[in-house]
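Open the model in your viewer and keep the selection box ready. We will go from stop to stop, selecting pieces as we go.

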Amino acid sequence: MRVIGLMSGTSYDAVEAAAADLELQGEALVMRPLGHLSAPYPDELRDLIASSLPPSAATLRDVARLDTGVGQAFADVAGRAVRELCGGGADLVVSHGQTMYHWVEDGAVRGTLQLGQPAWIAEATGLPVVSDLRSRDVAAGGQGAPLVAMTDALALAALPGVPAALNLGGIANVTVVAPGAAPLAFDTGPANALMDAAVRHFTNGAAEYDEDGRRAGAGRVDPALLRVLLDDPYYGRPAPKSTGKERFHLPYLLEALAAAPVAEPDDVLATLAGLTAVTVADACRAHGVTRLVVSGGGAHNPVLMGMLAEELPGVALGSSDALGLPSDAKEALAFALLGFLTVNGLPGAIPSGTGARRASLLGSITPGREPLRLPEPAGEPPRMLRITGGH
């Protein structure tokens, strides 16, 4: 089955698409990546997303505009993916949508909202669309995140020691696969979320992020600010747990700076990179991780990666590319995999990773132009991911 995965993360800078041929072969799920592409959001839509995210307030008119605008942006990218990655033919599109709010109270997730109306994708491509993948896990008592854990667990299954996968997006999440234990997955805390917010603040919007970590590299970690940031109770909560930009945003950072002022913006950025490195490393040490497979935008920040290496001197650090999962496309491929499992009648959530009562079939299906025809339900779920050929 040829599947296209669509993703826009908590950095909300672009829509990512990745395509793959997926097939169940015994206990293996075989993936042949077909390539990936990225398209930035139109400026007006990106501004609307930014102005609607917490702690800002949004009207229902804003919500409707976002649902349509994000859906149309995803539809445009899906159409390109069909033409450019799949030679004009695909079987299924899987859309994560744009997370606008992750409702967490006392460590429990009460609801989650991803916008991007799938009807626009189905209309533009003529293909069935699996969307809204997080809500079913939340309804089953789970965190609805991190859903990339299924792909991580399958990809790491054959590796020795205690391997873990780390994704450095707006939020950092880790999946630990220890021998003889159920996979454990959780958000460790902010990755790019606070760093990007700081750059936008200090440059008055002239820059969106710290390119190649240059500003963080020119600064020094401020111990007082780091102590204030590390005092957040989130880090002490047991897994599974999840968080997002509804918690780690600019006002949160400004409050910390009021408690521990730092004169130089570059020192603030160095401290925020240090925060990510320390909280990720603490999580890895707590679970005896011996190898860390890294993906996401933060993997391109050499300062952050250097800090991680310093914090974890005995842990092998490398990119997910070495496993055949392109770092910049891993999340989009992970959602393609989840949609594939859904249409084959297989659960996509790992209860030990999300805290759900049971492993659920994820998402809702929007038919394409043709009557909806699903494959015969598969038997046992796969135990490993085998990646072949591809781009």
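Select R291 and A316: A316, in β11, is the bridge partner of R291. Now widen the selection to strand β10 (residues 291-295) and strand β11 (residues 316-319), which pair in the parallel sense over four bridges. Two strands pair if DSSP finds at least two bridges between them. Add helix α11 (residues 302-311), through which the chain crosses from β10 to β11 in a right-handed β-α-β crossover. To check the hand, point the strands away from you: right-handed means that the path from the first strand over the helix to the second runs clockwise. Helices (H or I, at least four residues) and strands (E, at least two) are DSSP runs, numbered from the N terminus.

A note on the model: it is predicted, so local features need pLDDT of at least 70 and side-chain atom pairs count only at pLDDT 80 or more, while totals for chains, interfaces and linings use all residues. Residues are numbered from 1 along each chain as its sequence is written, and side-chain values use heavy atoms, with hydrogens and water left out.

Next, show the whole sheet. Five strands form an open, mixed sheet in the order β9-β8-β7-β10-β11. Which strands stand at the edges? They are β9 (184-190) and β11; each has a single partner strand, so one side of each lacks a neighbour in the sheet.

Select strand β7 (residues 163-168) and strand β8 (residues 171-176). They run antiparallel, joined by five bridges. L168 has A172 in β8 as its bridge partner. Now add helix α10 (residues 265-286), which packs on the sheet and touches β7, β8, β9 and β10. Contact means heavy atoms within 4.5 Å.

Move to helix α6 (residues 192-202) and α9. They pack at about 80°, with axes 9 Å apart. Axes are lines fitted to C-alpha atoms, for helices over the stretch in contact, and angles run from 0 to 180 degrees between N-to-C directions. That makes α6 roughly perpendicular to α9 (65 to 115 degrees; under 35 is roughly parallel, over 145 roughly antiparallel, the rest oblique). Show the side chains of L194, A197, A198, H201 and F202 in α6, then L250, Y252, L253, L254 and L257 in α9; these make the contact.

Last stop: helix α8 (residues 223-230) against helix α9 (residues 250-259). Their axes come within 9 Å and cross at roughly 130°. That makes α8 oblique to α9. Select L225, V228 and L229 in α8, which meet Y252, A256, L257 and A259 in α9.
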